[in-house]
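Me: I should like a close look at one part of this model, followed by a connected account of its surroundings.

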Amino acid sequence: TEALPPEYYGLLVLLGVVLGFLGVFYNWFTLWVQSLYNRLTGLPTAGKILIPFLIAGVLGLVAPELLGTGHSLVDELTAGGMAVGTMAFLLAGRFLFSAVCFGSGAPGGIFFPLLILGAFIGGIFTCAGHALFGIDMMYLNNFVLLAMAGYFTAIVRAPLTGIILIFEMTGTVSQLFSLAVVSICAYIVATLMRSEPIY
């Protein structure tokens, strides 16, 4: 609910650039995993879908937090009760599992997983910014929401959709300008790197 002070707007540009690069990497990695599945010519579609299904079974036993919607994890993150190491683990684990699932051709999509990944990127960025630039941790939720919109924009290449999506989630107009700054910067970086949108 707190609007970011103007002195933080340079960090918004930095966040947008970081999200642009990470979005391009997400698109490349997801399509690369998809190409690996396509090389399995002897394996039928049902067999390819079985791969993430079996991985999900293993994760359900050893790391169940990598499964499900991630809504409760974002609640925990925005409450300030998550360590940076935990955020990094969840980001990496969910990133890899999302690519494995989407690449297999299993129905489900990547829409909500993108937002969850963006939330963890925002959390890590805030903690790093706190250590390096003195970002007040009271703005953690701001950066989480901004990163969700920016990461979505870099991957899907739809900045207005990302901005409106987060606006609908928060119900506040105080973040619209900062959402625009982050989303447009992420969009420009991804476009300059000639990364095609994932869809």
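How closely do the axes of helix α7 and helix α8 approach, and at what angle do they cross?

Reply: In this predicted model, helix α7 spans residues 159–170 and helix α8 spans residues 176–192. Their axes come within 9 Å and cross at roughly 145°. The crossing in which α7 passes α8 is right-handed.

The contact itself can be described residue by residue. From α7, the participants are Pro 159, Ile 163, Ile 166 and Phe 167. On the α8 side they meet Leu 176, Leu 179, Ala 180, Ser 183 and Tyr 187. Classified by type, this contact comprises eight nonpolar residues and one polar residue, with no charged residues. Ser 183 is the polar member, because serine is not among the residues counted as nonpolar or charged.

The cysteines may be considered next. Cys 185 has a relative accessibility of 16% and therefore counts as buried, the limit being under 20%. Cys 127 is likewise buried, at a relative accessible area of 18%. The structure nevertheless holds zero disulfides. In general, a disulfide is a covalent bond between the sulfur atoms of two cysteines.

A further buried position is found in another helix. Thr 126 lies in helix α5, which covers residues 111–133. Its relative accessible area is 0%, so Thr 126 is buried. With neighbours within four places in sequence left aside, Thr 126 is in contact with Ile 135, Met 137, Leu 140 and Phe 143.

Definitions and conventions
Residues numbered from 1 in each chain as written. Predicted model: local features only at pLDDT ≥ 70, side-chain atom pairs only at ≥ 80, totals over all residues. Heavy atoms only, no water. Disulfide = S-S within 2.5 Å. Buried < 20%, exposed > 50% of the residue type's maximum accessible area, 1.4 Å probe, protein only. Axes fitted to C-alpha atoms, helices over the stretch in contact; angles between N-to-C directions. Helix = DSSP H or I, 4+ residues; strand = E, 2+ residues; numbered from the N terminus. Left-handed = near helix turned anticlockwise from the far one by under 90°. Contact = heavy atoms within 4.5 Å.
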